[in-house]
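Student: I would like to learn how to read the local features of a model such as this one. Could we go through them one at a time, with the general idea before each case?

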Amino acid sequence: VQLVESGGGLVQPGGSLRLSCAASGFTFSAYSMNWYRQAPEKERELVAGISSTGYSTNVADSVKGRFTISRDNAKNTVYLQMNSLKPEDTAVYYCYAPAQTYWGQGTQVTVSS
């Protein structure tokens, strides 16, 4: 199993980023996927989840209306579109495959002026 995140970086408050997580080593289309984040000195928290088909999604209250999770099963990739970013969104963002209990290496998102 391999999960490779990309798309993080430095962005100003109010800006947008799209994170990608490319999966391999398992039948991606058969499983739900999650995005988590961990800010310095804080516990890792669930940000968003998506069903295997992509028809069902959920996001944390803290990002509702700003973040959207999606997936492309043809590309074995899950995305996290992040809009209206705030400084408190600064964290390392991780892709997680719950059925495989496997984490990606994480990608840093920093929201700062």
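Tutor: Let us begin with accessibility, where Glu41 counts as exposed, because its relative accessibility is 87% and the term applies to values over 50%. Please keep in mind throughout that this is a predicted model.

Student: Where is Glu41 found, and what is the sign of its phi?

Tutor: Glu41 is found in the loop between β4 and β5, the latter spanning residues 45-50, and its phi is near 65°, a positive value in a residue other than glycine. Asn76 also has a positive phi, near 55°, and is likewise a residue other than glycine. Asn76 is found in the loop between β7 (67-72) and β8, and with a relative accessible area of 28% it is partly exposed.

Student: How should I read a pair of aromatic rings, and how many aromatic pairs does a search of the whole structure find?

Tutor: A pair of aromatic rings is described by two quantities, the distance of the centres and the angle of the planes. A search of the whole structure finds six aromatic pairs. In one of them, the ring centres of Tyr36 and Tyr96 lie 5.7 Å apart and the planes stand at 90°, so this pair is edge-to-face. The pair also links distant parts of the chain, since Tyr36 belongs to strand β4 (residues 33-38) and Tyr96 to strand β9 (residues 91-97), with the two positions 60 residues apart. Both Tyr36 and Tyr96 are buried.

Student: How far apart are the centres of the rings of Tyr94 and Trp103, and at what angle are their planes?

Tutor: The centres of Tyr94 and Trp103 are 6.2 Å apart and the planes are at 85°, so this pair too is read as edge-to-face. The accessibility of each partner has to be read separately: Tyr94 is buried, with a relative accessible area of 14%, whereas Trp103 is partly exposed, with a relative accessible area of 32%. Taken together, Tyr36, Tyr94, Tyr96 and Trp103 form one aromatic cluster.

Student: Which residue lies over the face of Tyr94?

Tutor: That residue is Arg44, which lies at 3.8 Å from the ring centre of Tyr94. A further case involves Arg71, which lies over the face of Phe28, at 4.3 Å from the ring centre.

Student: How many salt bridges does the structure hold, and which side chains meet in them?

Tutor: The structure holds four salt bridges, and in reading each one it helps to set the N to O distance beside the accessibility of the two partners. The side chains of Lys64 and Asp61 meet at 3.1 Å, N to O, and both ends are exposed, Lys64 with a relative accessible area of 52% and Asp61 at 66% relative accessibility. Salt bridges that share partners also join Arg37, Glu45, Arg66 and Asp89 into one network.

Student: Which contacts of Arg37 should I look at within that network?

Tutor: Begin with the salt bridge in which the side chains of Glu45 and Arg37 meet, at 2.6 Å, N to O. Here Glu45 counts as partly exposed, at 33% relative accessibility, while Arg37 is buried, with a relative accessible area of 6%. The side chain of Arg37 also meets that of Asp89 in a salt bridge, at 2.9 Å, N to O. This second pair links distant parts of the chain, with Arg37 in strand β4 and Asp89 in the loop between β8 (77-82) and β9, 52 residues apart. Both Arg37 and Asp89 are buried.

Student: Which cysteines form a disulfide, and how far apart are their sulfur atoms?

Tutor: The structure holds one disulfide, formed by Cys21 and Cys95, whose sulfur atoms are 2.1 Å apart. For the handedness one looks at the angle about the S-S bond, which is -80° for Cys21 and Cys95, and the link is left-handed. Along the chain the pair links distant parts, Cys21 being in strand β3 (residues 17-24) and Cys95 in strand β9, 74 residues apart.

Student: Are these two cysteines buried or exposed?

Tutor: Both Cys21 and Cys95 are buried. You can now place two features on strand β9, because it holds Tyr96 of the edge-to-face pair with Tyr36, and also Cys95 of the disulfide.

Methods. Residues numbered from 1 in each chain as written. Predicted model: local features only at pLDDT ≥ 70, side-chain atom pairs only at ≥ 80, totals over all residues. Heavy atoms only, no water. Phe/Tyr/Trp six-rings, centres within 6.5 Å; stacked < 30°, edge-to-face > 60°. Helix = DSSP H or I, 4+ residues; strand = E, 2+ residues; numbered from the N terminus. Buried < 20%, exposed > 50% of the residue type's maximum accessible area, 1.4 Å probe, protein only. Lys NZ or Arg CZ within 6 Å of the ring centre and 35° of its normal. Disulfide = S-S within 2.5 Å.
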